[in-house]
Amino acid sequence: MAPPAAQLGPVRQTYAKSDTYPNLTRAYTEVSQVVRETGLLARAPKFYLLVGSALLVALAACGVAFVLLGDSWFQLIVAAALGIILTQIAFLSHEAAHKAIFTSGKANDRLAKILGNGIVGMSYSWWGSKHTRHHANPNRISRDPDIEIDTISFVEEDAAKASGLLGFITRRQGYLFFPLLAFEGINLHYLSIRHLVTTPGVKGRWYELTLLAIRFTVLFTIVFWFLPLGMAFAFLGVQLAVFGIYMGAAFAPNHKGMPIIDKDAKLDFFTKQVRTSRNVSGGWWATWLMGGLNYQVEHHLFPSMARPHLAKTREIVRDHCKTLDVPYTETTLLRSYGIVIAYLNRVGLSARDPFDCYIVERFRKV
């Protein structure tokens, strides 16, 4: 009688190489020309003014509610709302960092720092460095920082090295993924500060550190001044948990479970970006919920594209993929989460020794 599959050890995953997909040298040139001629690379200042105003009103409403509620456990609702609003502001900062809001690069950088460092509490330079490398080589071994191990293992070689408590987590990482995201908010703040303090040659280091210092000083002073100690910690805990879960839930569906590219593979730009990205269906509500990241294929092909133009660009890219016989991946939000969980659990099996004998292990416990 065969033992359960989970006891057999992992089957090592293979990575896409240069000869895995046909080379489409002119594919991006052709699709980008159509997109440009359609006017979809134009900025959308009215849209971003509306979004920015709405977020400013929401942030002010949180402040008013905080003052009116005073010493009340209903403050935790305000904390959760603040976590959601900060994530939405992070989406806006992300777009500014991609030069999608203003025509001026300096204006975009300035806005990204004010929103990212000064309001969200994340380093612009840390995010920019990490995210630029991700866009250049999505899902590529040793080149995409988003699949490097950070508690969660995204490739089996990393999972196989996990031991002790990390190994315990890794073997169950698919199921633990969303609970672990509750700590991602703290992790993002920590990584931002560590980058600014320890990384040499960071441009604008002191400006960013000053913005972060002001942001955290104002937040902590208000929370701990107006709320009892226990309630203050609970407020921050809820805000950080909601922020971390929301951020992770927005970014996770986009590439996890898509093909992993070998570190030495040479693929054309169109193939590399389309085959490693996954869209989330749902239209306007998904766009609002995910800050435009539901159109991940289009975002990777045209990173500086304004959010309102992504839906129309999707039609052009999808038709182009159909003509070229290139798979265009799109699924529902819930289905994408199921794919991510299954993928992470499959990778996590590598934390188990593939030479463990099920029978021996069973009788060893008797």
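In the predicted model, Asn 139 is placed in the loop that connects helix H5 (124-136) with helix H6 (156-161). The backbone of Asn 139 has a positive phi of about 60 degrees, although Asn 139 is not a glycine. With a relative accessibility of 2%, Asn 139 counts as buried, because buried residues are those under 20% relative accessible area.

A second non-glycine residue with this backbone feature is Lys 99, for which phi is positive at about 65 degrees. Lys 99 belongs to the loop between H3 and helix H4 (105-120). The relative accessible area of Lys 99 is 28%, and the residue is therefore partly exposed, a class that lies between the limits of 20% for buried and 50% for exposed residues. Thus Asn 139 is buried, whereas Lys 99 is partly exposed.

A positive phi also occurs at the end of helix H2: the helix is followed by Gly 70, with a phi near 60 degrees. Helix H2 itself comprises 25 residues (residues 45-69). At 1.5 Å a residue, a helix of this number of residues should span 36 Å, and the C-alpha atoms at the two ends of H2 are 36 Å apart, so the expected and computed values agree. Several side chains of H2 belong to buried residues, namely Tyr 48, Val 51, Leu 55, Cys 62 and Phe 66. The buried residues of this helix pack against three partners: helix H3 (75-97), helix H10 (205-226) and helix H11 (229-251). One of these partners, H3, also borders the loop that contains Lys 99.

At the level of the whole protein, the model contains 17 helices and two strands. The radius of gyration is 22 Å, which is close to the 21 Å given by the globule rule for 366 residues; the protein is therefore as compact as a globular protein of that length. Along the principal axes, the C-alpha atoms fill a box of roughly 65 × 65 × 40 Å. Of the 366 residues, 48% are buried. Among the contacts between residues at least 6 apart in sequence, 73% join residues that are at least 24 apart.

The surface and the charges were also examined. The accessible surface of the protein amounts to about 18400 Å², and 66% of this area belongs to carbon and sulfur atoms. The protein carries 38 positive and 26 negative charges, and the mean positions of these two sets are 3 Å apart.

Note on methods: Residues are numbered from 1 along each chain as its sequence is written. This is a predicted model: local features need pLDDT of at least 70, side-chain atom pairs count only at pLDDT 80 or more; totals for chains, interfaces and linings use all residues. Side-chain values use heavy atoms; hydrogens and water are left out. Helices (H or I, at least four residues) and strands (E, at least two) are DSSP runs, numbered from the N terminus. The radius of gyration is taken over C-alpha atoms; the globule rule is 2.2 Å times the number of residues to the power 0.38. Buried means under 20% relative accessible area, exposed over 50%, partly exposed in between (1.4 Å probe, protein chains only). Contact means heavy atoms within 4.5 Å. Accessible areas come from the Shrake-Rupley method with a 1.4 Å probe; for residues, only the protein chains shown count as cover. Lys and Arg count as positive and Asp and Glu as negative; His and the chain ends are not counted. The place of a charge is taken as NZ of Lys, CZ of Arg, CG of Asp or CD of Glu. The expected span of a helix is 1.5 Å times one less than its number of residues.
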